[in-house]
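These are my notebook entries on a single protein chain. I record what I looked up, topic by topic.

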Amino acid sequence: FGGNNGTASFNSVSVLDTAEWKWSHPIVTGKEPRPRTGHTASLVPARRGGPGGDETQGGSGNCGLQCTAAVVIFGGWDPELASTRNKRRKKSGHSPAASSGTPVAGGGCQEEATSAYFNDLFVLDTGRWFWSELSLPGPLPSVRTGHSAVFDAPRQRLLVFGGQRLTDDGRDVAFLDDLCEIGPLRITLAE
């Protein structure tokens, strides 16, 4: 999923068949993520039956989702979007201002620069080739790119570590060294 070729970011899905070493491009429906790069894609492993009962039952809660197999996408950024917005900002000559100690975007500068970074969460059901955006009851980690993530299947959580994002004034890059838990996601695999 996704990526960037130096001039454009993508949100297409490609699948490598390792038996024949051929790429395919499935038709995917649902609410797809915006084009991006620097995101993480974490596989939700197939886990059926065994200790703790049948894992194929439908999910519950605000973000419950039943899939035949799944990939969780988190974060990333769109360098093309950031570049376009920076050019627009330079043309307009606007710069961030402060009001009561809170940065405010003059002409949309800060808002536009930081909106090229994402902290949204999507699940791709690879059995139905269907995207779903997950809504969680609590807050998500801050926007970021270049981070690491792993899906903790027993606890149904996505663990996200580090990365980078723009500083609040949009003029520099901040490196992150935090560890965040997202979930429980309650993604279950259907038969």
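**Backbone exceptions**

I began with Trp21, which is exposed, with a relative accessible area of 62%. I noted that the model is a predicted one. Trp21 sits in the loop between strand S3 (15-17) and strand S4 (22-24). Its phi is positive, about 50°, although Trp21 is not a glycine.

I then looked up Trp129, another non-glycine residue with a positive phi, near 50°. Trp129 is placed in the loop between S11 and S12. With a relative accessible area of 23%, Trp129 is partly exposed.

I also checked the peptide bond from Gly183 to Pro184 and found it cis, with omega near 15°. Pro184 belongs to the loop between strand S15 (173-182) and strand S16 (187-189).

**Overall composition**

I recorded two helices and 16 strands for the protein. Of its 191 residues, 36% count as buried. The accessible surface comes to about 10500 Å², and carbon and sulfur atoms hold 52% of that area. Among contacts with a separation of 6 or more, 68% are between residues 24 or more positions apart.

**Sheet**

Which strand order does the open sheet of five strands have? I read the order as S5-S12-S11-S8-S6, with mixed pairing. Strand S5 (29-30) and strand S6 (40-44) stand at the edges with a single partner strand each, so one side of each has no neighbour in the sheet. I followed the pairing of S6 with S8, which is antiparallel and runs over five bridges. Within S8, Ala70 is the residue opposite Val44.

**Nonpolar cores**

I found that the largest nonpolar core has 14 residues. Those with the most contacts inside this core are Val72, Leu121, Leu158, Ile182, Leu185 and Ile187. S8, S11 and strand S14 (157-166) each supply at least two residues of the core. S8 gives the largest share, three residues.

I listed the contacts of Leu121, setting aside neighbours within four places in sequence. The partners include Val72, Leu158, Ile182 and Leu185, and also Ser132 and Glu133. Apart from the largest core lies another, of six residues, among them Val13, Val28, Ile73 and Phe122.

**Aromatic pairs**

I counted three aromatic pairs. Phe1 and Trp131 form an edge-to-face pair, 5.1 Å centre to centre with 70° between the planes. Phe1 is in the segment before strand S1 (3-4) and Trp131 in strand S12 (residues 130-133), so far along the chain that 130 residues separate the two. Phe1 counts as partly exposed at 23% relative accessibility, whereas Trp131 is buried at 2%.

Trp77 and Tyr117 form a stacked pair, with 5.4 Å between centres and 20° between the planes. Trp77 lies in the loop between strand S8 (70-74) and helix H1 (79-92), and Tyr117 in the loop between helix H2 (109-114) and strand S11 (121-125), 40 residues apart. I noted Trp77 as partly exposed, at 25% relative accessible area, and Tyr117 as buried, at 8%.

I also noted one aromatic cluster made of Phe1, Phe122 and Trp131.

**Salt bridges**

I found eight salt bridges in the structure. Glu133 and Lys31 meet through their side chains at 2.5 Å, N to O. Glu133 is in strand S12 and Lys31 in the loop between S5 and S6, 102 residues apart. Glu133 is partly exposed, at 33%, and Lys31 is exposed, at 51%.

Is the salt bridge of Asp120 and Arg36 made by buried or exposed residues? Asp120 counts as buried at 15% relative accessibility, and Arg36 is buried at 0%. The two side chains meet at 2.7 Å, N to O. Asp120 lies in the loop between H2 and S11 and Arg36 in the loop between S5 and S6, so this pair ties together parts 84 residues apart in sequence.

Glu181 forms a salt bridge with Arg155, with the closest N and O atoms 2.9 Å apart. Because Glu181 is in strand S15 and Arg155 in the loop between strand S13 (148-152) and S14, the pair ties together parts 26 residues apart in sequence. Both residues are partly exposed, Glu181 at 42% and Arg155 at 40%. I closed the entry with the network of salt bridges that links Asp152, Arg155, Arg157 and Glu181.

Notes. Residues numbered from 1 in each chain as written. Predicted model: local features only at pLDDT ≥ 70, side-chain atom pairs only at ≥ 80, totals over all residues. Heavy atoms only, no water. Helix = DSSP H or I, 4+ residues; strand = E, 2+ residues; numbered from the N terminus. Buried < 20%, exposed > 50% of the residue type's maximum accessible area, 1.4 Å probe, protein only. Contact = heavy atoms within 4.5 Å. Areas by Shrake-Rupley, 256 points an atom, 1.4 Å probe, with all protein chains shown as cover. Phe/Tyr/Trp six-rings, centres within 6.5 Å; stacked < 30°, edge-to-face > 60°. Core = buried A, V, L, I, M, F, W, Y, C linked by side-chain atoms within 4.5 Å. Pairing = 2+ DSSP bridges. Salt bridge = Lys/Arg side-chain N within 4 Å of Asp/Glu carboxyl O.
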